Amino acid sequence: MRIFVDAMGGDLAPQAPVEGTVEALRRNPELTVTLAGIVPEIEKYLAGADDVRSRITLLDAPEVITNHESPVMGVRKKTKSATVLGMLAVRDKEADGFVSAGSTGAVLAGGMFRLGRIPGVERPALAPLMPNGKGYFLLIDCGANVDCKPEYLTQFGVMGDAYMRGVMGIEKPRVGIINIGAEDEKGNALVKDAFPMMAEAPYHFVGSVEARDLFSDIADVCVADGFAGNLVLKTMEGVAMFMLKTMKQELMADTRSKIGAALAKPALRRLKHTLDYTEVGGAPLLGAAKPVIKAHGSSHAKGIKNAIRQAKLCVANDLCGTMEKALGEVAAQKEEEADA
């Protein structure tokens, strides 16, 4: 299995992508990786990686699409960037999956215009796994589609259901829609129009999920338009960082607190582990024709390693094939209803 990694993407590139790739290869002997970027820069961080060097192919990609330029224009003009070369490699079956911590917009544009979509997908969506205390729920969409139609949200549910079944092994995922109240009649025009469509969709729809209940394990897939989903994602990240920072300050405030902190250290480590986004690695671009994982822009090596692991799981479980089948069944059901 070959994974294509953007070595120049992210705040800590190329060090984090290269070191994360090396860690991933050491843990997964069946993997090979193409590392694309500015080769002399990449090679600086491969010292000491002789044990996995034979499974790394370096590809020169001298152009970098930054966060400060138009993603669409970047993908069109910078054809020698890791994003474009990676999407083409996956499209042409030279690689099985793509991982990048670079520009989110560029990854989305590359997925749409260079790689392509699964047949039947109207809009690909970014869908990170988020902790809920007992495991994870899938948040879809978290920013790929700021303006949505009810049909998009309904399809997000289909894609999220397929991901949780195919990759996470949940037999019957609970799909909910993020709303301002638990009552069916609440919500803005988009939510109100999407609600009955999702209720009739071929997945286990559990209705509205209020933001405060996201951690209550009442849904495995939480659907939102990209605007609301991104607000939820960034708020959760901010609250987690605030909690950990405040807790550290308070535990170091005086001698008694420091003694308590020493006793609670194992529990605090477990809490940090639970809240750490790098444990998941990144958000899959669901609906893309092949596995694409967008890692967090500030990912360290650990985050990249786990993003590669997530890409491997998507490939191994044929996520895109499962999703295409699910979407085909929905289309067939609609045709039957139209003919009836």
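Here, contact means heavy atoms within 4.5 Å. With that settled, let's look at a sheet and two of its helices in this predicted model.

The sheet is open, has five strands and mixed pairing, and runs in the order S6-S7-S10-S8-S9. S6 (129–131) and S9 (204–210) sit at the edges with a single partner strand each, so one side of each has no neighbour in the sheet. From one strand to the next, the twist averages 35 degrees.

Over at the S9 edge, S8 (residues 174–179) pairs with S9 in the parallel sense, over six bridges. One of the residues involved is Ile178, whose bridge partner in S9 is Val209.

Now for the helices and how they lie on the strands:

| Helix | Strands touched or crossed | Direction |
|---|---|---|
| H6 (residues 150–166) | S6, S7 (136–140), S8 and S10 (221–223) | about 150 degrees to S7 |
| H7 (residues 189–200) | S8, S9 and S10 | about 170 degrees with S8 |

The two helices also meet each other. The axes of H6 and H7 come within 8 Å and cross at roughly 45 degrees, which makes H6 oblique to H7. The crossing of H6 past H7 is right-handed.

Who does the touching? On the H6 side the contact is made by Pro150, Glu151, Leu153 and Thr154, and on the H7 side by Leu190, Asp193, Ala194, Met197 and Met198. Sorted by class, the contact of H6 with H7 comes to six nonpolar, one polar and two charged residues.

Note on methods. Residues numbered from 1 in each chain as written. Predicted model: local features only at pLDDT ≥ 70, side-chain atom pairs only at ≥ 80, totals over all residues. Heavy atoms only, no water. Pairing = 2+ DSSP bridges. Helix = DSSP H or I, 4+ residues; strand = E, 2+ residues; numbered from the N terminus. Axes fitted to C-alpha atoms, helices over the stretch in contact; angles between N-to-C directions. Parallel < 35°, antiparallel > 145°, perpendicular 65-115°, else oblique. Left-handed = near helix turned anticlockwise from the far one by under 90°. Nonpolar A, V, L, I, M, F, W, Y, C, P; charged D, E, K, R; others polar.
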